[in-house]
Amino acid sequence: MNRWLEIAVTTAQEQVDAVADVFNEMGSGGVVIEDPALILDFVQKGNAETVAPSLKESAGEELIVKGYFFCDCSLSDRLEELSRRLADLAKFWRTREIKDEDWANTWRVYYKPVQVSKRLTVKPAWEKYAARPGEIVIELDPGMAFGCGTHATTAMCLALLEDLVQGGEVVYDVGTGSGILSVAAALLGARQVTAVDIEEPAVRAARENAKRNGVADKVTVVRGNLLDNLVDSRADLVVANIIADVIILLAPDAARVLKPGGHLIASGIIRERAGEVRRALRGAGLEPEREVTEGEWVALVYRKV
Ligand SMILES: C[S@@+](CC[C@H](N)C(=O)[O-])C[C@H]1O[C@@H](n2cnc3c(N)ncnc32)[C@H](O)[C@@H]1O
């Protein structure tokens, strides 16, 4: 049974996005925002009989942001970094250990089919959906892995893949999570996709999602750190939606595995860190080609000359 740590942070309305960004950057498997005012309103309209006094006190001024962290050997390092980054944002925080089953039931309720780019739509495996002509539907069960398609960093990668995958490419998806980007690349026409993740639950979810979408013959999922195990390979496209620090580490290897003319899509970069990532990619010998932003997030496309 996998274990997760739920971290619930009470914060002011205007700090909610900043807290959610810190959670996402630190690898939270999802972020939930609870507004006590909405719950109180629900209770006062006669939908429930009692309300906790603490809820009444906090309604209207503060919100609760919850992040979910996989309990593995990196957890204590991540918690240290997290508490440093949340020091000025959080008024109060509490932690609770949860089991896989609880988590699975919480988020599934809110996950619905969503069109993420011109042609690509992501649909939860358990929902019915009638595709439009020409629409490519990715059927997904992320399980415990990141990547249900609704996060800006994933959505930007999907739109960029739609532009860059023309058919017949060799693709590396570094930090595959649920496998969403690998499945998208394969459905868009890539010839061969290698998906890598450092976490075993992600490797399992990515394999299952490749199978579910009928592209298991094109997508190979391996557990590993970045591109460490991929020595002699030549790729047309590398896509990596991880945090800025990890993209910086990946830059030289991405440049190494790309064919001349091949592209790197780098996402998961918070705006204030984009300058450092650009410098690392230039330093690795890659040329800037395109940038897209959504909210606080930046995705970069670089090309090997
Ligand atoms: C933000 S998620 C992205 C998931 C998916 N690709 C998407 O776009 O939605 C980042 C993933 O990178 C993985 N990861 C983090 N560091 C890694 C590393 N050094 N090597 C391989 N994978 C890593 C995490 O386990 C996580 O599944």
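Is Thr154 buried or exposed, and how many other C-beta atoms lie within 10 Å? In this predicted model, Thr154 is buried, because 25 other C-beta atoms lie within 10 Å and 20 or more are enough for that class.

Allow me to place that residue in its setting. Thr154 belongs to helix α6. Apart from neighbours within four places in sequence, its contacts are Gly147, Gly149, Ile180 and Asn241.

I turn now to the ligand. The shell around the ligand comprises 22 residues, and the closest are Gly147, Thr154, Gly175, Gly177 and Asn241. Two or more residues of this shell come from each of the elements α6 (152–164), α7 (180–188) and β9 (192–197). As for chemical character, 12 residues of the shell are nonpolar, 8 are polar and 2 are charged.

The second residue I wish to discuss is Gly175. Gly175 is found in the loop between β8 (170–174) and α7. Gly175 is also buried, since 25 other C-beta atoms lie within 10 Å of its own, against the 20 or more required. With residues up to four places away in sequence set aside, Gly175 touches Asp197, Ala240, Asn241 and Ile242.

Asn241 therefore deserves a mention on both counts, because it is listed among the contacts of buried Thr154 and among those of buried Gly175.

Finally, the database record. An unreviewed UniProt entry assigns the feature "binding site" to Thr154, Gly175, Asp197 and Asn241. Of these positions, Thr154, Gly175 and Asn241 are among the residues closest to the ligand in the model, and Asp197 is one of the residues that Gly175 touches.

Methods:
Residues are numbered from 1 along each chain as its sequence is written. This is a predicted model: local features need pLDDT of at least 70, side-chain atom pairs count only at pLDDT 80 or more; totals for chains, interfaces and linings use all residues. A residue is near a molecule or strand if its C-beta atom, placed from the backbone, lies within 6 Å of it. Helices (H or I, at least four residues) and strands (E, at least two) are DSSP runs, numbered from the N terminus. Ala, Val, Leu, Ile, Met, Phe, Trp, Tyr, Cys and Pro count as nonpolar, Asp, Glu, Lys and Arg as charged, and the others, Gly among them, as polar. UniProt positions are given in the numbering used here, feature names are shortened, and annotations may be inferred rather than shown by experiment. A residue is buried if 20 or more other C-beta atoms lie within 10 Å of its own, exposed if 12 or fewer, and partly exposed in between; C-beta atoms are placed from the backbone. Two residues are in contact if their C-beta atoms, placed from the backbone, lie within 7 Å.
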